[in-house]
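This report walks through selected local features of one model, taking the aromatic residues before the strands and the charged side chains. Please keep the structure in view while reading.

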Amino acid sequence: MKEIAIGTREQFEAFPAEVQVERRPYFLFEEEDGFKLMSRKCPHAGDTVELEDGELVCPLHGWTFETHTGRCHNIPSAQLANYEVILRDGILFVQMEE
């Protein structure tokens, strides 16, 4: 596992925020108990998931995903990859596989 700095909490004006981690697109969510990073890559065909009216939607085939878990509403066995984010010394960090 490697730890990657995302930025400071103050850098983000609103959540979910679109971020790039190692040139890959993610959403950064702020939740009651902390932060979470969720992939924007659809597990079906790899298109970029968008936020539309409070829902995560893949524009390619219309799949929708839960914002809290990444679970797909259309195919319950599919989900977006997500990672816990740690706030340490004012900086947000995510741990990801190398």
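A residue is called buried when its relative accessible area is under 20%, exposed when that area is over 50%, and partly exposed in between. The model discussed here is predicted, and the descriptions below should be read with that in mind. Phe 12, with a relative accessible area of 12%, is therefore buried, and Phe 35 is likewise buried because its relative accessible area is 10%. Phe 15, by contrast, has 23% relative accessibility and so counts as partly exposed.

**Aromatic pairs**

A pair of aromatic rings is described by the distance of the centres and the angle of the planes. The count of such pairs comes to four, and two of them are set out here.

| Pair | Centre to centre | Angle between planes | Class |
|---|---|---|---|
| Phe 12 and Phe 15 | 6.0 Å | 45° | tilted |
| Phe 15 and Phe 35 | 5.9 Å | 55° | tilted |

The pair of Phe 15 and Phe 35 links distant parts of the chain, since Phe 15 lies in the loop between strand 1 (2-8) and strand 2 whereas Phe 35 belongs to strand 4 (residues 34-39), 20 residues apart. Phe 12, Phe 15 and Phe 35 together form one aromatic cluster.

**The hairpin of strands 2 and 3**

In a regular strand the side chains alternate between the two faces of the sheet. Strand 2 (residues 17-21) shows this alternation, with Ala 17, Val 19 and Val 21 buried and pointing to one face, while Glu 18 and Gln 20 point to the other face and are not buried. Strand 2 pairs with strand 3 (residues 24-31) in the antiparallel sense over five bridges, and within this pairing Ala 17 stands opposite Leu 28 of strand 3. The two strands form a hairpin with two residues between them, and Glu 22 in the turn has a positive phi of about 50°.

**Charged side chains**

Two charged side chains are placed over aromatic rings: the charged end of Lys 36 sits over the ring of Phe 29, 5.7 Å from its centre, and Arg 88 lies over the face of Phe 93 at 4.4 Å from the ring centre.

Is Glu 97 buried or exposed? Glu 97, found in the segment after strand 9 (91-96), has a relative accessible area of 65% and is therefore exposed. Leaving aside residues up to four places away in sequence, Glu 97 touches Met 1 and Lys 2, while its C-alpha atom is separated by 22 Å from that of Ala 45, 52 residues apart along the chain.

Definitions and conventions: Residues numbered from 1 in each chain as written. Predicted model: local features only at pLDDT ≥ 70, side-chain atom pairs only at ≥ 80, totals over all residues. Heavy atoms only, no water. Buried < 20%, exposed > 50% of the residue type's maximum accessible area, 1.4 Å probe, protein only. Helix = DSSP H or I, 4+ residues; strand = E, 2+ residues; numbered from the N terminus. Pairing = 2+ DSSP bridges. Phe/Tyr/Trp six-rings, centres within 6.5 Å; stacked < 30°, edge-to-face > 60°. Lys NZ or Arg CZ within 6 Å of the ring centre and 35° of its normal. Contact = heavy atoms within 4.5 Å.
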